[in-house]
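Trainee: Can we go through this one together? I'd like to start with the strands and then get to the charges.
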Amino acid sequence: MPRNTSACLCALVLLGLPVAAYSLIGPWGSFPLNDDWQYGLAARGLAEDGRLRILPYSAMTLLGHAALGALVWKIVPGFLALRVLTLLFWVILGPATYWVTRELGRGRPSALVAALAVITCPLVVNLGTTFMTDVPFLALWTLGAAAYLRAIRLSSIPFAVLGTVLAAWAASIRQPGVFLVLACLGVLATCRVPRRGVLLGTVLASAFATLGPVAAIYFACTGGSQAFRSKILVSPVEAFGCMPGSIWAVVGTLAVLLLPALLLGCGDTVRRRSFYGLSAGMVLVALVHAKSGFLAGAAKTFPYLGNLLFNAGLGPITLVDARESRLVFASLPGTIQLGITMVAVVLGALLVTHLGRRTEPPARALSRLVILAVVLYMLPLILTTRARSPLFDRYLLPLLPLLAGMTMSRSVVVGGTRWVLAASAALLLFAVGVVGTRDYHRWNEARWDLCALAEESGGTPKTIDGGFEYSGWHNGIEAYFGNFRRAGNWRGWWVEDPVWVVGVRRRPGYEVVASRRVLLWLGLAEADLILSRRDHLTGSSDGRSPPTRR
């Protein structure tokens with residue numbers, strides 16, 4: 001196939017898959033999802049009154065995300081337009097990963113599979129249809145890494161500046177963007193690179209010029225949010241107690257998320273003795289931690305499969321029902337969870353063994369940049385993992401483009417057995433992500449429809465518990481900065497008097513007003529959402545007298 005034709009096909013696939021996923025999922029409802037209500041509030045406030053408010057609930061910088069969101073909000077208000085903004089970054093992510101892999105010396109077929117492994121990851125698919133910060137940060141982080149790799153390989157000053165600007169932009173969304181700059185500085189300080197002194201000075205100067213204003217604006221606006229300050233106040237005993245479980249969970253989960261890249265890039269590694277020894281060790285550690293819920297919900301790690309399924313829409317975990325009884329929806333039997341853990345850690349051993357191979361001298365500086373960026377990014381995450389601050393799988397997404405590029409073989413034939421197997425695995429994960437995210441949006445459409453029905457029937461956001469996103473979007477600002485009077489004995493979110501409740505089960509003292517049935521394609525099941533209204537003869541949940549009917 002001619003080079004121009006293959007390049008056009010690669011571009012068509014990488015740019016077209018996110019757009020196709022968007023069309024199949026149909027995320028057309030203008031309402032917040034997951035945590036993006038707080039980012040929507042920041043964007044709306046900046047657009048409407050020029051005031052940036054970052055809730056203490058959020059630990060991230062958020063400046064760049066809120067500024068872009070405010071620009072979009074001024075043109076087309078609503079969450080649908082904000083999701084389209086995220087889609088643009090999702091579209092950029094594929095070519096950015098392709099660029100990283102090519103800079104690491106891999107061929108076009110390898111780069112294509114690496115990019116597919118990232119953009120088809122079910123977590124990326126799900127987060128790409130929200131206004132969450134993950135996908136925009138991931139795209140900018142990947143572009144910055146590619147620019148730095150090009151700068152080191154060609155001793156290019158313009159690309160060094162470009163990498164720093166992109167990293168600073170990423171840091172204006174989430175603080176870990178600064179680790180990309182530190183990784184580049186570390187490589188330039190320790191590796192023999194042509195024009196090393198000039199490049200080092202360029203990166204330092206551009207870092208001060210870009211990261212300095214970001215830090216100044218962030219602390220001027222927030223003083224460092226309450227959540228951010230609690231993150232950096234780490235108890236050494238608690239941190240080191242969580243480290244073993246966190247490290248093995250990270251390695252195993254990364255391997256599962258990188259499955260298409262592993263299938264293509266690690267074909268020769270399984271024949272090494274070190275792989276079998278490391279596998280046995282990892283399985284032993286996993287078995288030790290399995291009793292405390294390793295990869296199945298322990299606070300010291302995170303529920304890989306469970307979190308993926310929840311994000312994909314099989315669990316109404318943001319409703320009051322889940323908070324009251326710690327319900328785990330779409331849970332799997334413990335033996336299956338343990339089996340998934342074993343597979344994950346063996347794949348993790350494959351990943352570690354493969355990345356531990358020696359690299360050729362010309363590529364050492366490039367490989368060192370990737371490894372240093374991975375280590376610097378993960379170290380604070382692992383150290384700050386504790387009971388009230390778990391490590392979720394979506395936090396690992398910035399590592400995928402870098403590690404996908406590193407795992408790829410240098411020469412791969414398109415159409416070969418391993419290439420077809422890797423591409424098929426990527427498309428299978430893509431299908432799971434699309435179907436599950438479609439369920440997620442249909443389920444939330446039903447939830448917001450019931451909330452709207454409650455409002456039409458006389459309810460207000462202060463008397464409707466519609467779950468985390470609904471209460472946060474309507475009451476979050478007043479709850480944190482105003483005189484919000486939260487219901488005393490209520491296990492739900494920000495609500496003053498829960499007259500109306502959206503849930504998945506009947507409640508004592510409440511009558512069912514309406515329900516919506518949602519067909520979940522992932523799992524071939526049906527879910528019923530119920531709108532309940534408190535019986536007028538029943539007192540309020542916090543002991544106050546019943547509301548007076550007029």
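Mentor: What follows is a walk through a predicted model.

Trainee: Fine. What is the strand order in the open sheet, and what is the pairing like?
Mentor: Four strands make up the open sheet, in the order 1-2-4-3, and the pairing is mixed.

Trainee: Which strands are at the edges?
Mentor: Strand 1 and strand 3, each of which pairs on one side only.

Trainee: And strand 1 with strand 2, parallel or antiparallel?
Mentor: Parallel, over two bridges, with strand 1 covering residues 464–465. Asp465 has Val501 of strand 2 as its bridge partner.

Trainee: What does strand 2 do with strand 4?
Mentor: Strand 2 pairs with strand 4 (residues 525–534) in the antiparallel sense, over four bridges. Val501 turns up again here, with Ser532 in strand 4 as its bridge partner.

Trainee: How many bridges between strand 3 and strand 4?
Mentor: There are 10, in the antiparallel sense. One of the bridge partners to look at is Ala525 in strand 4, which goes with Leu520.

Trainee: Back to strand 2. Which way do the residues point, and are they buried or exposed?
Mentor: Trp500 and Val502 point one way, Val501 and Gly503 the other way. All of them are buried.

Trainee: Change of topic. How many salt bridges in the whole structure?
Mentor: A search of the whole structure gives 13.

Trainee: Which partner does Asp35 have?
Mentor: Arg394, with a side-chain N to O distance of 3.6 Å. The two come from distant parts of the chain, 359 residues apart. Asp35 is in the loop between helix 1 and helix 2, while Arg394 is in the loop between helix 18 and helix 19.

Trainee: Are those two buried or exposed?
Mentor: Asp35 and Arg394 are both buried. They also belong to a network of salt bridges that links Asp35, Asp134, Arg174 and Arg394.

Trainee: What about Asp449, which residue does its side chain meet?
Mentor: Asp449 meets Arg516 in a salt bridge, 2.7 Å from N to O. This pair also links distant parts of the chain: Asp449 sits in helix 20 and Arg516 in strand 3 (residues 510–520), 67 residues apart. Asp449 is partly exposed at 35% relative accessibility, and Arg516 is partly exposed at 28%.

Trainee: Where is the partner of Arg442?
Mentor: Arg442 forms a salt bridge with Glu445, with the closest N and O atoms 2.9 Å apart. The two are three residues apart in helix 20 (residues 417–456), so about one helical turn separates them.

Trainee: Why does that spacing suit a pair?
Mentor: An α-helix has 3.6 residues a turn, so residues three or four places apart point the same way. Side chains of opposite charge can pair when their charged atoms come close.

Trainee: Why is Arg442 called buried and Glu445 partly exposed?
Mentor: Buried means under 20% relative accessible area. Arg442 has 19%, so it counts as buried. Glu445 has 28% and therefore counts as partly exposed.

Trainee: On to backbone angles. What is odd about phi of Asn34?
Mentor: Phi of Asn34 is near 55°, a positive value in a residue other than glycine. Most residues other than glycine have a negative phi. Asn34 lies in the loop between helix 1 and helix 2, and is buried at 15% relative accessibility.

Trainee: And Arg195, what is its phi?
Mentor: Arg195 has a positive phi of about 60°, and is not a glycine either. Arg195 is in the loop between helix 9 and helix 10, and is partly exposed at 48% relative accessibility.

Trainee: Helix 18 next. What should its span be, and what is it?
Mentor: At 1.5 Å a residue, its 20 residues (364–383) should span 28 Å, and the end C-alpha atoms are 28 Å apart, which agrees. Its buried residues include Leu366, Leu369, Val370, Ala373, Val374 and Tyr377.

Trainee: Which residues form the nonpolar patch on the surface?
Mentor: Trp28, Leu80 and Val84, with about 270 Å² of accessible area together. Leu80 is in helix 4 (residues 79–103) and is partly exposed at 32% relative accessibility.

Trainee: Last one: how many disulfides?
Mentor: Zero. As for cysteines, Cys191 is buried at 8% relative accessibility, and Cys451 is buried at 1%.

Terms used
Residues are numbered from 1 along each chain as its sequence is written. This is a predicted model: local features need pLDDT of at least 70, side-chain atom pairs count only at pLDDT 80 or more; totals for chains, interfaces and linings use all residues. Side-chain values use heavy atoms; hydrogens and water are left out. A disulfide is a pair of cysteine sulfur atoms within 2.5 Å. Buried means under 20% relative accessible area, exposed over 50%, partly exposed in between (1.4 Å probe, protein chains only). Patches are made of residues with over 30% relative accessible area and no salt bridge: like charges are joined within 9 Å, nonpolar side chains (Val, Leu, Ile, Met, Phe, Trp, Tyr) within 5 Å. Accessible areas come from the Shrake-Rupley method with a 1.4 Å probe; for residues, only the protein chains shown count as cover. A salt bridge is a side-chain nitrogen of Lys or Arg within 4 Å of a carboxyl oxygen of Asp or Glu. The expected span of a helix is 1.5 Å times one less than its number of residues. Two strands pair if DSSP finds at least two bridges between them.
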